[in-house]
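Welcome! Take a moment to turn the structure around before reading on. The report below walks through it piece by piece.

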Amino acid sequence: SSDLTDRHRARHASPRTLIVQLRIYLSSTYEDLAQYRERIYKELRALRHDVIAMEDYVAADERPLEKCLEDVRGSDVYIGVFAWRYGYVPAKGNPDKKSITELELGEAERHGKPCLVFIVKGSAPWPPTMMDAGTGANDAGARIQALRKALQQDKLVGMFETPDELATKVVGALYRWQMESSTLQPVPAAAPQRTAERAKGRTVVISGDIHATLVGSSARPGG
């Protein structure tokens, strides 16, 4: 399959082929997606990328908002993974009462970061204890349903079911973005404003065959 082909290419590309070591921000709720996060983390670290994750602060949803947003701004690429929990809603500095995962996505978009967004398939088996609709949290699932709907309507996202499928799609999508944005000069993560000016990011499709355009490329999804 092309998923496996992209993964093989990413793993075996020469140092001249891959553009730079990237600073990647990995965003999701924690408890329900811990195994998925671990698979992504291991794959990206095997490719020598610097992965910033909530595990760097505390392995829990209640992580420090300002530190998270600062790290989003300092990243080169944002990866967001969404399932059936809306997540922790910080009480302070959050007038719109959004979850920390939604705030991280918004911060990435505001600062022009390339965004790779993935949503678990509706058909994927999922324990009710890891679903807001099952636990009654966050308006009994209404908030995560609304966010999932908005992401799928307003943006183009990738769907997954298993940790292995997700990791494969993430690696392939990242590889393709690096290839398609190879005409852009790498910008240090310490200069987020310059990054936004030179490599304006947008959230785009990460389909089953990983055809996607993220930054500065004339290619089109499926092209």
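## The sheet

In this predicted model, 5 strands form an open sheet in the order S2-S1-S3-S4-S5, and their pairing is parallel. The edges are strand S2 (50-52) and strand S5 (158-160), each of which pairs on one side only. From one strand to the next, the twist averages 25°. As background, strands of a sheet pair through backbone hydrogen bonds, in either a parallel or an antiparallel way.

Let us look at both ends of the sheet. On one side, S1 and S2 are joined by 3 bridges in the parallel sense, and Tyr-25 stands opposite Ile-52 in S2. Strand S1 (residues 23-27) is mostly covered, with 4 of its 5 residues buried. On the other side, strand S4 (residues 115-120) runs parallel to S5 and is joined to it by 3 bridges. Val-120 has Phe-160 in S5 as its bridge partner.

## The whole protein

Stepping back, the protein has 9 helices and 5 strands. Read from the N terminus, its elements follow the pattern α-β-α-β-α-β-α-β-α-α-α-β-α-α. The protein has 223 residues, and buried ones make up 50% of them. Among contacts with a separation of 6 or more, 78% are between residues 24 or more positions apart.

## Three helices

Here are three of the helices, with their lengths and spans.

| Helix | Residues | Number of residues | First to last C-alpha | Expected at 1.5 Å a residue |
|---|---|---|---|---|
| H2 | 34-46 | 13 residues | 18 Å | 18 Å |
| H7 | 142-154 | 13 residues | 18 Å | 18 Å |
| H8 | 163-180 | 18 residues | 26 Å | 26 Å |

Helix H7 lies across strand S3 (77-82), S4 and S5, and runs at about 130° to S4. Which residues of H7 are buried? They are Ile-144, Leu-147, Arg-148 and Leu-151. Seen down the axis of H7, these buried residues fall within an arc of 100°, so they line one face of the helix. What covers them includes S3, H4, S4 and helix H5 (132-135). The face of H7 turned away from this buried side carries Lys-149, Gln-153 and Asp-154, which are exposed.

Helix H2 can be read in a similar way. Its buried residues are Tyr-36, Arg-37, Ile-40, Glu-43 and Leu-44. Looking down the axis of H2, one finds its buried residues within an arc of 135°, so they line one face of the helix. After H2 comes Arg-48, whose phi is positive, near 70°.

And helix H8? This helix is mostly covered, with 15 of its 18 residues buried.

## Two buried residues up close

Now let us zoom in on Thr-101, which lies in helix H4 (residues 100-110). Is Thr-101 buried or exposed? Its relative accessibility is 3%, and buried means under 20%, so Thr-101 counts as buried. The side chains of Thr-101 and Ser-99 are joined by a polar contact of 3.0 Å. Leaving aside residues up to four places away in sequence, Thr-101 touches Ser-27, Ser-28, Thr-29, Arg-63, Tyr-78, Phe-82 and Tyr-86. Ser-27 belongs to the stretch of strand S1 (residues 23-27), while Tyr-78 and Phe-82 fall in strand S3 (77-82).

The second residue to find is Pro-90, in the loop between S3 and H4. With a relative accessibility of 5%, Pro-90 counts as buried too, because the value is under the 20% cut-off. Where in space does Pro-90 sit relative to Ile-100? The two are 10 residues apart in sequence, and their C-alpha atoms are 6.7 Å apart. Ile-100 is also among the residues that Pro-90 touches, along with Leu-65, Lys-98, Ser-99 and Leu-103, not counting residues up to four places away in sequence. Ser-99 therefore turns up in both neighbourhoods: Pro-90 touches Ser-99, and the side chain of Ser-99 makes a polar contact with that of Thr-101.

Methods:
Residues numbered from 1 in each chain as written. Predicted model: local features only at pLDDT ≥ 70, side-chain atom pairs only at ≥ 80, totals over all residues. Heavy atoms only, no water. Pairing = 2+ DSSP bridges. Helix = DSSP H or I, 4+ residues; strand = E, 2+ residues; numbered from the N terminus. Axes fitted to C-alpha atoms, helices over the stretch in contact; angles between N-to-C directions. Contact = heavy atoms within 4.5 Å. Buried < 20%, exposed > 50% of the residue type's maximum accessible area, 1.4 Å probe, protein only. Polar contact = N/O pair within 3.5 Å; in protein donor to acceptor, adjacent residues only side chain to side chain. Expected span 1.5 Å × (residues − 1). Arc of directions from axis to C-beta.
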